[in-house]
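Subject: Structure for you to look at

Hi,

Here is the structure I said I would send over. Have a look at it first, and then read on for what I found in it.

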Amino acid sequence: IKDTEIKPEAEEEEEVTRDEQPTTRKFHNHGFEAWTRAREAWRVQTVEERPPTLPPVVNKHQVRKGLNNVQRKFELPTRMALNDLVSIYVEIWEGDEDS
């Protein structure tokens, strides 16, 4: 995604001097300038990026058997991908005994 910077349009204001001769000066948005500096400081990467690690392969039959028990708690043997865990719950819900 490409960052786009919003720049305020320069607006001219007329200012009347003591000699009653109008002069023009450009509008400067100090708030936008402060916000831009704060955003740049916030976006600085302070931590090294690590590639995402995949959870180890788990014996789904063992997990399914543990979850299918009437116990209120079952501790998973290790981390699992969410889509794998959801598919196990769907199998239990639908009553598939083949897996």
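Let me start with Leu 54, which counts as exposed because its relative accessibility is 76%. Leu 54 lies in the loop that runs between α1 and α2. If you want a landmark on the other side of that stretch of chain, try Met 80: it comes 26 residues away along the chain from Leu 54, and the two C-alpha atoms are 8.6 Å apart.

Before the details, please keep in mind that this is a predicted model. The average pLDDT over the protein is 76, and 71% of the residues score at least 70. Confidence varies by element: strand β1 (residues 12-16) has the lowest mean pLDDT, 54, while α1 has the highest, 95.

Now the general layout. The protein has three helices and two strands, and along the sequence they come in the order β-β-α-α-α. Out of 99 residues, 11% count as buried. For contacts between residues at least 6 apart in sequence, 38% link residues that are at least 24 apart.

**Helix α1**

What span should the 13 residues of α1 have, at 1.5 Å a residue? The expected figure is 18 Å, and the end C-alpha atoms are 18 Å apart, so the two agree. At the start of this helix, a side-chain oxygen of Asn 29 comes to within 3.2 Å of the backbone nitrogen of Gly 31.

The structure has one salt bridge, and you will find it here. It pairs the side chains of Arg 37 and Glu 33, at 3.1 Å from N to O. Why are Arg 37 and Glu 33 separated by about one helical turn? Because they sit four residues apart in helix α1 (residues 30-42). The general rule behind this is that an α-helix has 3.6 residues a turn, so residues three or four places apart point the same way. Side chains of opposite charge can pair when their charged atoms come close. As for Glu 33, its relative accessibility of 32% means that it counts as partly exposed.

Thr 36 is also in helix α1. Is Thr 36 buried or exposed? With 15% relative accessibility, Thr 36 counts as buried. The side chain of Thr 36 reaches back to the backbone oxygen of Phe 32, at 2.8 Å.

**Helix α2**

The start of α2 has a contact of its own: a side-chain oxygen of Asn 59 gets to within 3.1 Å of the backbone nitrogen of His 61. Within α2 (residues 60-68), the buried residues are Val 63, Arg 64, Gly 66 and Leu 67. They are on the same side of α2, because they cover an arc of only 165° around the axis. What do the buried residues of α2 pack against? Their partner is α3 (82-94).

**Helix α3**

In α3, Leu 85, Ile 88 and Ile 92 are buried. Looking down the axis of α3, you will see these buried residues fall within an arc of 60°, so they line one face of the helix. The buried residues of α3 pack against α2. Turn to the other side of α3 and you will find Leu 82, Asn 83, Trp 93 and Glu 94, which are exposed.

The length of α3 also works out: its 13 residues should span 18 Å at 1.5 Å a residue, and the end C-alpha atoms are 18 Å apart, which agrees. Just after α3 comes Gly 95, with a positive phi of about 80°.

If you have only a few minutes, I would suggest viewing α2 and α3 together, since the buried residues of α2 pack against α3. After that, go to the salt bridge between Arg 37 and Glu 33.

Cheers

Definitions and conventions:
Residues numbered from 1 in each chain as written. Heavy atoms only, no water. Buried < 20%, exposed > 50% of the residue type's maximum accessible area, 1.4 Å probe, protein only. Arc of directions from axis to C-beta. Contact = heavy atoms within 4.5 Å. Polar contact = N/O pair within 3.5 Å; in protein donor to acceptor, adjacent residues only side chain to side chain. Salt bridge = Lys/Arg side-chain N within 4 Å of Asp/Glu carboxyl O. Expected span 1.5 Å × (residues − 1). pLDDT = per-residue confidence, 0-100.
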